[in-house]
Amino acid sequence: MTVRRTVAAALLAVAAAAFALPTQQATASGAGQLPFASATTVGLHNTYDPAAFGYLAQALDTGTSMVELDAWTDIVTKEWKVSHSNPLGNSNNCVNASSAAQLYSGGANKDLESCFDDLRVWLDAHPQSGPLVVKLELKAGFSANNGMGPDQLDALIAAHLGSRVFRPADLLAKPGGGSYPTLDAAAQAGNWPSRQALSGRVLVDVIPGTVEENNPFDTLHTDVEYSRHLRDLVAAGKAGQAQVFPVVHNAAAGDPRTAYSDSTIRPWFVVFDGDASAYLGGGIDTSWYDARHYLLVMTDAQNVAPAISATDPTADQAQARTTQLAAAHASIVSSDWRHLPSVQQLVLPRG
């Protein structure tokens, strides 16, 4: 009897820990009132990796402000596979939960829509969490000519995350009615809601994948393809269909959008993503992003000199690095600091 009671008590303790609501700890009062683009938070790289977390929900339980999913278009099965390096199979910690009780059990290695289902179920159980950025890397890009393009991705996200998504149309909408002509105009006008107003919601952004960027035969990368799609939807009065913010990938001096020969897509980028060491290495004025209320994701935060552990720095080291990058105008500080929930929950004033 004693053994049974001990086991039962242990199981209850595990369950209580699993469903505990992470509370993001602000180091400045009123962090919830900060506009979304005026805060610096922390995110997790390759969150879907089962070597990092047994279940995607466990990553969310840290209180992190960003999760990352890598996806491949399987044009044979029409399935968006989630894995780091296998384009034909799923290798991840998503379980396709339909209730909170299922988030920490069952078989993993599900597809992208199942990962979104896990996110939705977790958010339903933690409505005061977030806002959460979902960074989506399309490893080999879209395959629109095979029915796996921006339209299909939008439909998938809308079907599985629904009203929880903060869409480009939401940033475009003026509080008093009407809308801004472009995302750039909306961002520069400071039209981001407060963090508190975005509780329980997600912003999905998409970056070109490593395979795509190194494929000499791929001449239409994800950033260009989705920004054209978004531009055309807005022009057609269908802005609400777009679910994703396209991202300018890799750090560069000046306005990185000038690298796009098609000037009509430049105003549809307000999210930027690159290596933290490059942004802090000199030659890049990161205050430019902050002044215009653009989101700036700084990756591999551990590599900024002096380098610290990629996975297990001390809490003091990780917090100091986050504070350093907040001062350098990062919106999200990305790393693999999966064992430091106190750091994952940080919300700092940006700049």
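Which residues of α3 are buried? In α3, the buried residues are Leu112, Ser114, Cys115, Phe116, Asp117, Asp118, Leu119, Arg120, Val121, Trp122 and Leu123. Buried means under 20% relative accessible area, with exposed over 50% and partly exposed in between (1.4 Å probe, protein chains only).

This is a predicted model, in which local features need pLDDT of at least 70 and side-chain atom pairs count only at pLDDT 80 or more, while totals for chains, interfaces and linings use all residues. Residues are numbered from 1 along each chain as its sequence is written, and side-chain values use heavy atoms, with hydrogens and water left out.

**Stop 1: helix α3**

Select residues 112-125, which form helix α3. Helices (H or I, at least four residues) and strands (E, at least two) are DSSP runs, numbered from the N terminus. Helix α3 is mostly covered, with 11 of its 14 residues buried. To see what covers these buried residues, add α2 (56-61), β3 (66-74), β4 (79-82), β5 (132-138), α4 (150-161) and β6, which are included in the cover.

**Stop 2: the nonpolar core**

Now select Leu112, Phe116, Leu119, Val134, Trp192, Phe245 and Val270, which touch the most other members of the largest nonpolar core, a set of 92 residues. Such a core is a set of buried Ala, Val, Leu, Ile, Met, Phe, Trp, Tyr and Cys residues joined through side-chain atoms within 4.5 Å. Helix α3 gives the largest share of this core, seven residues.

Centre on Phe116. Not counting residues up to four places away in sequence, Phe116 touches Leu69, Val134, Leu156, Ile157, His160 and Leu161. Contact means heavy atoms within 4.5 Å.

**Stop 3: strand β10**

Select residues 332-335, strand β10. Ile332 and Ser334 point one way, Val333 and Ser335 the other way, and all are buried. In a regular strand the side chains alternate between the two faces of the sheet.

Add β2 (residues 39-44), which runs parallel to β10 and is joined to it by four bridges. Two strands pair if DSSP finds at least two bridges between them. Leu44 has Ser335 as its bridge partner in β10. Next add β9 (residues 295-299), which pairs with β10 in the parallel sense over two bridges. Met298 has Val333 as its bridge partner in β10.

**Stop 4: Ser194**

Select Ser194, in the loop between α6 (183-188) and β6 (202-208). Ser194 counts as buried because its relative accessibility is 18%. Leaving aside neighbours within four places in sequence, Ser194 is in contact with Gly32, Gln33, Leu34, Pro35 and Phe36.
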